[in-house]
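Student: I'd like to take a close look at one part of this model with you, starting from a charged pair and working outwards. Could you walk me through it in one go?

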Amino acid sequence: QSKFFQDIPVEAVGFIGICEFYDESIDLIKKIYKIDTPVKKLNTNKKKENDFYHVSSDVAEQIKVANDKDCRLYDRALALFNTRRELVDKNIPYVYGKITSILPNKIEGWAINPFKKEPVKLKFNTDDGEVYFGIANEPRDELESINIDAGNEIGFTINLDKKILDNSKLVLEVEDTGQIITC
């Protein structure tokens with residue numbers, strides 16, 4: 001999967017389904033796109049006795065090591081899937097977004113609300129209680145190659161009064177929904 005995605009940030013993909021959560025994925029896509037279509041389950045293993053195949057912990061570890069990029073991509077996709085599912089279940093539209101740079105005095109990234117054609121308002125919390133606000137309305141061309149239709153006014157830079165420490169706990173969220181934006 002990491003070869004398929006190459007330079008496409010998983011956060012920029014409109015819908016992500018997870019095979020292990022097939023029914024939930026189908027329910028989610030139906031809710032997002034307001035469709036009601038019957039679901040067919042074809043090509044399933046009728047001899048399988050339960051939902052999971054048994055793999056020893058040694059073999060599982062070898063698989064993880066050999067597929068490190070794919071495992072990291074899966075973890076990001078699963079977290080994104082869960083976040084989006086929670087928001088959609090609450091009837092809250094989700095934002096596509098990503099932090100692309102954390103520097104000592106600022107953070108940068110991009111955020112797009114595909115459901116509203118207006119800049120995304122952001123709130124950045126530091127672990128020392130400082131709160132900063134920003135708007136994703138700066139020109140960015142980093143998603144141009146994958147045809148994100150946002151007029152390139154999707155970037156944000158939040159300048160900070162203090163330097164960010166390496167061990168700081170930082171939280172960037174969409175101001176009106178509380179959705180967390182990650183690196």
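Student: Which side chain does R76 meet in a salt bridge?

Tutor: Happy to go through it; keep in mind that this is a predicted model. The partner of R76 is E11, and the N to O distance of this salt bridge is 3.1 Å. The two residues come from distant parts of the chain: R76 belongs to helix α4 (residues 68–89), while E11 sits in the loop between α1 (2–5) and α2 (22–33), and 65 residues separate them. Their surroundings can be read from the accessible areas. E11 has 5% relative accessibility and is classed as buried, because the cut-off for buried is under 20%. R76, with a relative accessible area of 34%, is partly exposed.

This salt bridge is one of seven in the structure. As a general point, side chains of opposite charge can pair when their charged atoms come close. Two further pairs are worth setting beside the one you picked.

The first is K30 with D36, whose side chains form a salt bridge at 3.9 Å, N to O. That value lies within the 4 Å limit used for a salt bridge, so the pair is included. K30 is buried at 19% relative accessibility, whereas D36 is exposed, its relative accessible area being 72%.

The second is K162 with E130, where the N to O distance of the salt bridge is 3.6 Å. K162 is found in the loop between β6 (153–159) and β7 (171–174), and E130 in the loop between β3 (120–125) and β4 (131–136), so this pair ties together parts that are 32 residues apart in sequence. K162 is partly exposed, with a relative accessible area of 43%, and E130 is partly exposed too, at 27%. Back at your starting pair, salt bridges with shared partners join E11, R76 and K98 into one network.

Now to helix α2, which follows the loop that holds E11. Helix α2 has twelve residues and spans 17 Å from its first C-alpha to its last, close to the 16 Å expected at 1.5 Å a residue. The buried residues of α2 are S25, L28, K30 and I32, and K30 is the residue that pairs with D36. Helix α4 is included in what covers those buried residues of α2, and α4 is also the helix that carries R76. After α2 comes K34, with a positive phi near 50 degrees.

The loop with E130 leads us to the sheet, since that loop lies between β3 and β4. Four strands make up an open sheet in the order β4-β3-β7-β8, with antiparallel pairing. The edges are β4 and β8 (180–181), each with a single partner strand, so one side of each has no neighbour in the sheet. Between β3 and β4, which run antiparallel, there are six bridges. In this pairing, N125 stands opposite V131 in β4.

One last stop is a set of nonpolar side chains. Y53, V55, V59 and I63 make a nonpolar patch on the surface, and together they have about 370 Å² of accessible area. Of these, I63 is placed in helix α3 (residues 57–66), and I63 is partly exposed, with a relative accessible area of 42%.

Key
Residues are numbered from 1 along each chain as its sequence is written. This is a predicted model: local features need pLDDT of at least 70, side-chain atom pairs count only at pLDDT 80 or more; totals for chains, interfaces and linings use all residues. Side-chain values use heavy atoms; hydrogens and water are left out. Buried means under 20% relative accessible area, exposed over 50%, partly exposed in between (1.4 Å probe, protein chains only). Patches are made of residues with over 30% relative accessible area and no salt bridge: like charges are joined within 9 Å, nonpolar side chains (Val, Leu, Ile, Met, Phe, Trp, Tyr) within 5 Å. Accessible areas come from the Shrake-Rupley method with a 1.4 Å probe; for residues, only the protein chains shown count as cover. Two strands pair if DSSP finds at least two bridges between them. The expected span of a helix is 1.5 Å times one less than its number of residues. Contact means heavy atoms within 4.5 Å.
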